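Student: Please go through the labels used for this structure and set each one against its definition.

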Amino acid sequence: MSPGPGPRDEDPAGRDPGLQPERTRLAWRRTTLSGAVVAVLGVKAALHGGASATGALVCALCCGLWLGFLGMAHHRIRALSSGTPPPALAPRHATAAVLCAVAMAACAAVLVV
C-alpha cells in the first residue's frame, strides 16, 4: 500500500520556493551596496594626499568593476523579482560576479597599501 505522493515525488517545477527568492534578492542588494562602499572608499583613498596616476587608474578600475558587478546583480535581482520561479544562476555569470568581487577587493588592497 503506497502512502501517496510525498514531498519527494512532487514535480520540482511546481515547488513553492517560499521566501528564498526574496532573501536572495535582498542579499544581492546588500552585496551591491557593500561594493558601492568599497568604490567610494577607493575614490577617497586615491584622492587622499593628492591624486597620482596609479591611484587614479586603480580607482577607475575599481569603479568599473563595481559597475560591471552592479549590472550582473541588477539582472539577477530582476530575475528573482519576477512572478515565476527564477532560473538557476548560470555558471559564467557566477564566475564573473566572483571575479569582479575579488578584483574589487584586490584594487581596494592596492589603494590602502
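The exchange below covers helix packing, cysteines and one alanine.

Tutor: This is a predicted model, in which local features need pLDDT of at least 70, side-chain atom pairs count only at pLDDT 80 or more, and totals for chains, interfaces and linings use all residues. Residues are numbered from 1 along each chain as its sequence is written, and side-chain values use heavy atoms, with hydrogens and water left out.

Student: Why is H1 called roughly antiparallel to H2?

Tutor: Helix H1 (residues 20–47) and helix H2 (residues 53–81) pack at an angle of about 170°, with axes 9 Å apart. Angles over 145 degrees count as roughly antiparallel (under 35 roughly parallel, 65 to 115 roughly perpendicular, the rest oblique), so H1 is roughly antiparallel to H2.

Student: What residue classes make up the contact of H1 with H2?

Tutor: That contact has 16 nonpolar, seven polar and three charged residues.

Student: What makes Cys100 buried and Cys63 partly exposed?

Tutor: Buried means under 20% relative accessible area, exposed over 50%, and partly exposed in between (1.4 Å probe, protein chains only). Cys100 has 13%, so Cys100 is buried; Cys63 has 25%, so Cys63 is partly exposed.

Student: How many disulfides does the structure hold?

Tutor: Zero; a disulfide is a pair of cysteine sulfur atoms within 2.5 Å.

Student: Why is Ala94 called partly exposed?

Tutor: The relative accessible area of Ala94 is 27%, so the label is partly exposed. Ala94 lies in helix H3 (residues 91–112). The C-alpha atoms of Ala94 and Met72 are separated by 9.1 Å, and the two residues are 22 residues apart along the chain.

Conventions: Axes are lines fitted to C-alpha atoms, for helices over the stretch in contact, and angles run from 0 to 180 degrees between N-to-C directions. Helices (H or I, at least four residues) and strands (E, at least two) are DSSP runs, numbered from the N terminus. Ala, Val, Leu, Ile, Met, Phe, Trp, Tyr, Cys and Pro count as nonpolar, Asp, Glu, Lys and Arg as charged, and the others, Gly among them, as polar.
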